[in-house]
Every structure is written in structure tokens, then in C-alpha cells.
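Subject: Structure for your review

Dear colleague,

Please find the structure enclosed below. I would be grateful if you could read the notes that come after it.

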Amino acid sequence: MIVEVKNLVAGYGHRVLIRNLSFSVPSPAFVAIIGHNGAGKTTFFKAFQQKIDYEGQLLLHNQDLKQLSNPAEKGLLSYLPQKNVINFPIKVHDLVVMGLFRKKRFFENYDTADYTQAAQILEQLQLSHLIDHDFTTLSGGEQQLVWLAQLMLQDAEIIFLDEPTQQLDVYYKNKVFSLLQDWAITKGKTILCITHDLSNLVPLQGYLLNLSKPEPILEPISAEVVQENQVFLEAGRQVIS
Ligand SMILES: Nc1ncnc2c1ncn2[C@@H]1O[C@H](COP(=O)(O)OP(=O)(O)OP(=O)(O)O)[C@@H](O)[C@H]1O
């Protein structure tokens, strides 16, 4: 099993948001995590980052995450948060190349080969025209794509993305979802992606996990499954205190 969640209970203080969640992703796959605002999607990711206390077990390759030291540095996990703020000037290629941090020793500089890799990723995302731009001057959607480029360069095995297409136009929403799908299939990555863009999921292969359902399970993506979940979410939210 690549990712396994066993009887996870998580929340804040007395407010339990995730109750006895169990599922497993046996092989590399794309998993879309959906649910109403406040359902606990980001909270679920925080548990994987060991940022909150939780009951139950989170396992990566059958090893309890609590026993694994520095899974990010080992290239096992990477995480793209919903918001990433930078308030100093930095060129796009200098930010993207930092995705290679795992391969560098402390204070070791990035070399020409590293910058070539960063440029290739930016080209793949059709962002080459921004390579020398100051990141802080980019639009919200452009910044989101630059973070995605940096994440691609990290090349971790299991990738957590919190609403990576939130600020993207329709063209890039499609492009990013097909890229994530391609990552899972051709590069053997396991991708857990929080999203509200249900319509973009229809053509994808993978699974859907609806954290608003009383007993969420992995459902194989199909047009019918997406439609059923869309109707479920449109019906409104059951608030559990
Ligand atoms: N540190 C915290 N302390 C207390 N409550 C919190 C904390 N962080 C988040 N919450 C609350 O937990 C609930 C779930 O938050 P979470 O960010 O996991 O939701 P989400 O499903 O990711 O929502 P969205 O789709 O809006 O991003 C929210 O009501 C939020 O206010």
C-alpha cells in the first residue's frame, strides 16, 4: 500500500472534523479530495504534515508516518499549500530551481544544469516567457503555476496539492489536471489533490474522496460518480458540531 489511512480522527479541540476515516491507495494514482468549505480537507492534509494531533494511523509504504523522519527530504512527500506568500523580489527561475533542494547540501549553489531543469519544467507549463520576471509581480494564477513548477522539480513520490487550480483560467485548469493525471500514470506518482473543480475530474482516471459524506470512501472516477457527488454537494452541508 502506498498511502493508507486507518481510523483517522482529527479536528481542533472538541471539534472533530474527520471521524474514523479509512481508505488505502494501493498503487500510484490520482485521488481528488472534495467536500464543502470547512469539511476538513486541508485539516486532513495537516495530519499528513504532522501539524495537528490525530488518532488512528497514516501509513506510507506500510510505515507509520509518525515513525518516519523527514519524509519530504527523502523525496517521499511534497506538499503544495493553498496559499504561499513571498514578499521579497525573486526571479521566477530562482524560485523554481529551489525545488531541487533535496539534491543540494547546505549553502551549495544551484548550477547551470539545475537551471536548465527549471527552464524545462517552465517550458512544459508554457511559462518560459516569465522565467526572468520578478515572482511578486505575477498574477495570482501565474504564481500558482510557478509553485506547481517548483513542486514538479521536487519530484517526490507522493504529492499533496491543496486547490492547485483555484486561480487558474479554464485553459490552465484543464492543462494542470491532465498534467497531474499524466504524472500519476507515466511517472508513477501518487497524487492527492483537493479541488472544488468537479467538472474537470470527469475525463480523469483515478479516485474521488468526498469528505462531506458521512462515511467517505474512495470512489473510482466516472461521469456518473462525479455527477452524483456534484448533486450531493449542491444539496448543502450537514453541519456536525
Ligand atoms: N487552527 C485551527 N483551529 C481551529 N479551527 C480551525 C483551525 N484551522 C481550521 N479550522 C477550522 O476547521 C474547519 C475545517 O477547515 P479546513 O481548512 O480543513 O476546511 P476545508 O475543507 O479545507 O475548506 P475549504 O474548502 O474552504 O478550503 C473550518 O471550519 C476551520 O475554520
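The notes below concern confidence, the domains and helix 5.

This is a predicted model, in which local features need pLDDT of at least 70 and side-chain atom pairs count only at pLDDT 80 or more, while totals for chains, interfaces and linings use all residues. Residues are numbered from 1 along each chain as its sequence is written.

The average pLDDT of the chain is 94, and 98% of the residues score at least 70 (pLDDT is the predictor's confidence in each residue, from 0 to 100). The model has an ipTM of 0.98 and a pTM of 0.94.

The domain assignment, which is automatic or from a database, gives domain 1 (1-76 + 182-241) and domain 2 (80-155). Their centres, taken over C-alpha atoms, are separated by 27 Å.

Helices here are DSSP runs (H or I, at least four residues), as are strands (E, at least two), numbered from the N terminus. Helix 5 (residues 170-187) has 18 residues and spans 25 Å from its first C-alpha to its last, close to the expected 26 Å (1.5 Å times one less than its number of residues).

Tyr172, Val176, Phe177, Leu180 and Ala184 are the buried residues of helix 5 (20 or more other C-beta atoms within 10 Å of the residue's own, against 12 or fewer for exposed and partly exposed in between, with C-beta atoms placed from the backbone). Seen down the axis of helix 5, these buried residues fall within an arc of 135° and so line one face of the helix; the arc is that of the directions from the helix axis to the C-beta atoms. The face turned away from the buried side of helix 5 carries the exposed residues Val170, Tyr171, Asp182 and Thr186.

After helix 5 comes Gly188, with a positive phi near 65°.

Yours sincerely
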